[in-house]
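Work through the exercises below with the sequence and the 3D view open. Try each task before reading its solution.

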Amino acid sequence: MVGEVDVVGAKNSVLKLMAAALLAEGTTTITNCPEILDVPLMAEVLRSLGCSVEIDGTTVHITTPSEVEHRATSSAMGKLRASVCVLGPLVARCRRAVVTLPGGDAIGSRPLDMHQNGLRQLGASSHIEHGVVVAEAEDLSGAQIWLDFPSVGATENILMAAALAEGTTVIDNAAREPEIVDLCVMLQQMGAKIEGSGTSTLTVYGVPKLEAVQHRVIGDRIVGATWAFAAATTCGDITVRGVQPQHVNLVLEKLRIAGAEITTSDEEFRVAMNRRPEAVDFVTLPFPGFPTDLQPMALALSAVADGTSMITENLFESRFRFIEELVRMGADARTDGHHAVVRGQQHLSSAPVWATDIRAGVGLVLAGLCADGVTEVWDVFHIDRGYPDFVANLGQLGAAIERVGENA
Ligand code: EPZ
């Protein structure tokens with residue numbers, strides 16, 4: 001695979017920025033949005049709360065009324081994980097929220113205890129009943145909050161609630177992902193007072209009111225790094241535009257160790273692999289560690305690498321489900337708890353395989369590009385949730401790939 005690919009905004013940022021629009025009356029405009037299935041799903045959630053939402057290509061306009069509905073129970077809620085990020089804004093605006101438990105990738109148990117504990121420390125009561133999480137508060141007041149784990153979703157919900165709370169909130173062991181920084185930047189543009197974005201300590205000085213703004217989403221580092229893995233796995237040469245290299249530093253370093261030539265500049269990086277990749281070990285961790293969302297791509301690379309790799313998954317206990325599909329293609333991979341050992345094979349063989357979630361689907365396509373024969377990847381609707389124009393981009397880079405039927 002050879003060529004250049006442009007990457008647009010990050011799924012795991014735009015969906016939270018859309019939820020943050022609930023915090024301010026008026027029209028919020030978000031640009032550089034990815035044209036993926038999850039954006040219209042989040043729009044449906046916001047419409048059910050009384051907003052009007054217009055999606056115009058890569059621009060989303062969200063008009064939030066003075067009175068927002070506090071019940072988020074539309075059927076769209078169960079189709080994506082990010083829907084839970086309306087919880088914080090609704091408690092902040094309405095002092096009450098009834099939110100259907102989120103859906104999204106079945107990669108682990110994914111509880112909401114840290115979201116709820118954070119809101120409780122801001123003064124809300126919260127419980128789960130009949131498939132919804134309820135949170136209520138007379139008032140929200142600032143607090144010192146420790147997270148057991150730097151959860152992305154919990155950090156985002158607490159941050160958005162604290163922005164309109166009385167007084168100062170300190171979130172310790174907060175998530176540091178670039179998507180958290182992007183949310184902080186938009187909240188600050190809206191008038192929020194936040195210090196420490198990108199560090200593990202966020203300090204939020206509550207303000208009485210926020211204003212609707214225009215904001216450009218950061219490039220999707222997971223999509224960008226996927227193309228980097230595509231180049232390394234298929235012995236290709238791909239230039240990725242639209243993602244800040246510092247958001248994928250560790251990923252590029254791992255590919256350098258595997259034997260790839262890496263060049264970077266402002267919002268661009270190039271990955272060229274002109275021989276069989278070397279086996280490398282991967283350990284998934286919160287940012288700036290190796291992203292769990294790239295674990296399936298690391299597995300696909302390891303399946304064809306020269307040598308044996310150990311891959312350790314520290315975030316989602318069921319994210320190795322994908323391995324069974326790789327084994328259908330002749331991969332020598334086995335798991336033991338949250339470790340997987342992969343002995344690289346010179347060749348994989350084509351087979352019908354099933355995508356179990358967004359990233360697993362992409363991992364299977366990368367493995368299919370290295371397999372003898374024609375691999376059929378089924379249930380690719382998962383991939384549509386996170387990758388705009390995936391098949392077209394692959395074709396443009398020289399891959400022999402086509403989409404047949406709705407789900408294959
Ligand atoms: C976000 O999920 C992303 N999703 C995930 O990407 C990503 O894998 C994850 O962050 C980690 O980077 C979205 O942004 C929509 P967490 P989130 O809360 O917020 C545990 C993709 O492929 N936890 O940081 O759900 C949890 O079970 C998706 O795009 C609790 O125990 O992740 C997990 O083990 C998949 N209690 C760990 O923390 C809580 O209250 C990290 O979860 C919250 C989380």
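**Exercise 1. Which helices each supply at least two residues of the lining of the largest pocket?**

Solution. Helix 1, helix 4 (113-121), helix 5 (152-162), helix 7 and helix 11 each do so. Helices here are DSSP runs (H or I, at least four residues), strands are E runs of at least two, and both are numbered from the N terminus. The model is predicted: local features need pLDDT of at least 70, side-chain atom pairs count only at pLDDT 80 or more, and totals for chains, interfaces and linings use all residues. Residues are numbered from 1 along each chain as its sequence is written, and side-chain values use heavy atoms, with hydrogens and water left out.

Next, the pocket itself. On a 1 Å grid over the protein atoms alone, a pocket is an open set of points with protein on both sides within 12 Å along at least five of seven lines; a cavity is a set where a 1.4 Å probe fits but cannot get out; lining residues have an atom within 4 Å of a point. A volume is the space filled by probe spheres set on the points, which are joined across faces, edges and corners. The largest pocket has about 940 Å³. Its lining has 46 residues, and Arg 110, Val 152, Gly 153, Leu 315 and Phe 316 lie nearest the centre.

Last, the classes. Ala, Val, Leu, Ile, Met, Phe, Trp, Tyr, Cys and Pro count as nonpolar, Asp, Glu, Lys and Arg as charged, and the others, Gly among them, as polar. The lining of the largest pocket has 21 nonpolar, 9 polar and 16 charged residues.

**Exercise 2. Which element gives the most to the lining of the second largest pocket?**

Solution. Start with the volume: about 680 Å³ for the second largest pocket. Of its 30 lining residues, Thr 375, Val 377, Ala 400, Ile 401 and Glu 402 are the closest to the centre. Two or more residues come from each of helix 11, strand 24 (376-378), helix 12 (381-384) and helix 13 (390-396). Strand 24 gives the most, with 3 residues. By class, this lining divides into 20 nonpolar, 4 polar and 6 charged.

**Exercise 3. What lines the largest cavity?**

Solution. The count is 1 cavity of 30 Å³ or more. The largest cavity holds about 40 Å³ of space. Ala 10, Lys 11, Asn 12, Glu 179, Asp 220, Arg 221, Ile 222 and Arg 359 line it. Helix 1 (11-20) and helix 7 (221-233) each supply at least two of these lining residues. The classes are 2 nonpolar, 1 polar and 5 charged.

**Exercise 4. Are helix 9 and helix 11 roughly parallel or roughly antiparallel?**

Solution. Take the axes of helix 9 (residues 295-304) and helix 11 (residues 358-368): they come within 8 Å and cross at roughly 20°. Axes are lines fitted to C-alpha atoms, for helices over the stretch in contact, and angles run from 0 to 180 degrees between N-to-C directions. Angles under 35 degrees count as roughly parallel, over 145 as roughly antiparallel, 65 to 115 as roughly perpendicular and the rest as oblique. The two helices are therefore roughly parallel.

Now the contact (heavy atoms within 4.5 Å). Pro 296, Met 297 and Ala 300 in helix 9 meet residues of helix 11, including Arg 359, Val 362 and Leu 366. By class, this contact has 7 nonpolar, 1 polar and 1 charged residues.
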